[in-house]
Amino acid sequence: MNDFLTSLSQSWLGSAYAVAWGFPLLETLHFIGLCILFGGLLIIDARILGFARQLPMKPAMSFTSMAVAGFAIAATSGIFMFCSDPLRYVANPVFLAKITLILLAGLNALWFWFGAHGRLASLADGETAASNAKTIAWASLALWTGVIVLGRLIPYVE
Amino acid sequence: MSFLASLEGSAIAVLIRETMWTYPGIISVHAIGMAIVVGIGLVFALRALGLGGRIPISSMDPLLKLAWIGVGLNVCSGLLLFIADARKFLTMPTFQIKLALLVAATIVFVMLVRRLEANRSGNDKALAMISLVLWLGAITAGRLTAYIK
């Protein structure tokens with residue numbers, strides 16, 4: 001495992017520190033990705049939870065593409081950051097907790113897509129969403145907020 | 001500068017700098033606030049650019065309230081982070097640029113929402129692009145304050 005991580009850091013994937021401004025650039029992209037992801041989640045979750053009840057659900061669903069795009073930017077920049085110093089990250093308990101929350105958020109997203117998305121698309125304006133959809137929406141907000149906090153704490157736990 | 005120095009010497013600034021989890025805690029709140037404010041800012045910009053085109057702007061009103069809560073969160077957490085190192089921040093070009101971009105981004109955001117509400121869709125796309133660039137620029141300048149002394 002350690003040999004694999006060391007070879008990762010020596011490959012082109014792990015070259016962030018070798019490039020001038022490489023790491024700050026990755027961090028900036030990571031923050032931009034997280035804002036795009038969170039914005040996409042907020043509009044959909046706000047409708048499902050009844051906070052923005054008059055928002056038409058079907059067109060609001062097109063903001064899932066915003067969330068997915070934000071996740072792709074954050075995940076790609078995150079992989080490069082990880083590969084720049086993998087042994088340091090795998091030894092960091094806050095990083096491991098963050099990855100756990102991301103995996104849970106991924107499962108929650110699958111539950112949303114396969115267990116709630118279809119029925120939500122036919123929700124009338126002002127109508128209350130099903131309770132399983134509300135559970136998913138709360139979970140997504142809680143999990144991603146946790147991911148943001150844990151991500152921000154990584155450098156303080158070493 | 002003596003006012004800034006006295007800010008840094010105040011009991012609350014000392015608490016923020018020297019208590020183990022205070023600074024990371026405030027930074028975490030600042031990151032959540034950023035995600036709310038910029039996230040919703042980008043939602044309105046993308047809506048103006050055509051994403052979710054059939055969504056009436058009036059139905060997005062609750063998101064505006066949420067965005068202002070995020071602004072409040074980040075003005076408070078930002079002030080606390082600022083007074084902990086007031087002299088350092090105020091003389092940093094990246095910090096000055098970040099503040100200028102945030103002021104501009106907020107003004108353009110309010111203009112964009114008003115245009116969308118009035119449904120005068122003429123320049124919405126140009127204004128939305130400006131809004132997008134200002135938000136992303138503010139994040140970039142904010143991140144670089146950690147690197148440029």
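Which residues make a nonpolar surface patch of about 570 Å²? Let me start there, and keep in mind throughout that this is a predicted model. The patch is made by A:Leu104, A:Leu107, A:Leu110, A:Trp113 and A:Phe114. Take A:Leu107 as one of them: A:Leu107 sits in helix α6 of chain A, which runs over residues 93-115. And A:Leu107 is exposed, since its relative accessible area is 55% and the bar for exposed is over 50%.

Okay, let me back up and show you chain A as a whole. Chain A has 8 helices and 0 strands, so if you read along the sequence you just get α-α-α-α-α-α-α-α. Along the principal axes, the C-alpha atoms fill a box of roughly 55 × 25 × 25 Å. There are 158 residues in chain A, and 49% of them count as buried. The accessible surface of chain A is about 7,500 Å², with 71% of that belonging to carbon and sulfur atoms. For the contact-map people: take contacts in chain A between residues at least 6 apart in sequence, and 78% of those join residues at least 24 apart.

Now the part I suspect you'll want to rotate on screen, the interface. The size of an interface is often given as the accessible area lost when the parts come together. Here, chain B and chain A bury about 3,000 Å² between them, and 84% of that is on carbon and sulfur atoms. In terms of residues, 34 from chain B are in contact with 34 from chain A.

What about the polar side of things? Between chain B and chain A the count is 3 residue pairs in polar contact, both partners being at pLDDT 80 or more. On the chain B side, α3 (22-48), α4 (61-84) and α7 (124-144) each supply at least two residues of the side that touches chain A. The one that gives the most is α3(B), with 16 residues.

How many salt bridges are there between chain B and chain A? The count is 1. As a reminder, side chains of opposite charge can pair when their charged atoms come close. In this case the side chains of A:Glu27 and B:Arg143 meet, at 2.7 Å from N to O. Both A:Glu27 and B:Arg143 are buried.

Zooming out, a search of the whole structure finds 3 salt bridges over all chains. The pair I just showed joins two chains, because A:Glu27 lies in helix α2 of chain A, residues 22-48, and B:Arg143 lies in helix α7 of chain B.

Next, one inside chain A. The side chains of A:Arg88 and A:Asp85 meet in a salt bridge at 3.1 Å, N to O. A:Arg88 is partly exposed, with a relative accessible area of 34%, and A:Asp85 is partly exposed too, at 25%.

And then one inside chain B: B:Glu8 forms a salt bridge with B:Arg87, and the closest N and O atoms are 3.0 Å apart. This pair links distant parts of the chain, with B:Glu8 in helix α1 (residues 2-9) and B:Arg87 in helix α5 (residues 86-90), 79 residues apart. Is B:Glu8 buried or exposed? B:Glu8 is buried, because its relative accessible area is 11% and buried means under 20%. B:Arg87, on the other hand, is partly exposed at 39%.

Two more residues in chain A before I stop. Where does A:Asn92 sit? A:Asn92 is in the loop between α5 (86-90) and α6 of chain A. With a relative accessibility of 2%, A:Asn92 counts as buried. Leaving aside neighbours within four places in sequence, A:Asn92 is in contact with A:Ile154, A:Val157 and A:Glu158. With two of these, the A:Asn92 side chain has a polar atom close to a backbone oxygen: 3.1 Å for A:Ile154, and 2.9 Å for A:Val157.

Last one, A:Trp12. This residue lies in the loop between α1 (2-10) and α2 of chain A. A:Trp12 counts as exposed, at 63% relative accessibility. Its C-alpha is 9.2 Å from the C-alpha of A:Phe80, with their positions 68 residues apart along the chain.

Definitions and conventions:
Residues are numbered from 1 along each chain as its sequence is written. Chains are lettered from A and ligands numbered from 1 in the order in which they are written. This is a predicted model: local features need pLDDT of at least 70, side-chain atom pairs count only at pLDDT 80 or more; totals for chains, interfaces and linings use all residues. Side-chain values use heavy atoms; hydrogens and water are left out. Patches are made of residues with over 30% relative accessible area and no salt bridge: like charges are joined within 9 Å, nonpolar side chains (Val, Leu, Ile, Met, Phe, Trp, Tyr) within 5 Å. Accessible areas come from the Shrake-Rupley method with a 1.4 Å probe; for residues, only the protein chains shown count as cover. A salt bridge is a side-chain nitrogen of Lys or Arg within 4 Å of a carboxyl oxygen of Asp or Glu. Helices (H or I, at least four residues) and strands (E, at least two) are DSSP runs, numbered from the N terminus. Buried means under 20% relative accessible area, exposed over 50%, partly exposed in between (1.4 Å probe, protein chains only). Contact means heavy atoms within 4.5 Å. Buried area is the accessible area (1.4 Å probe) that two parts lose on being put together, summed over both. A polar contact is a pair of N or O atoms within 3.5 Å; within protein, one must be able to donate a hydrogen and the other to accept it, and residues adjacent in sequence count only if both atoms are side-chain atoms.
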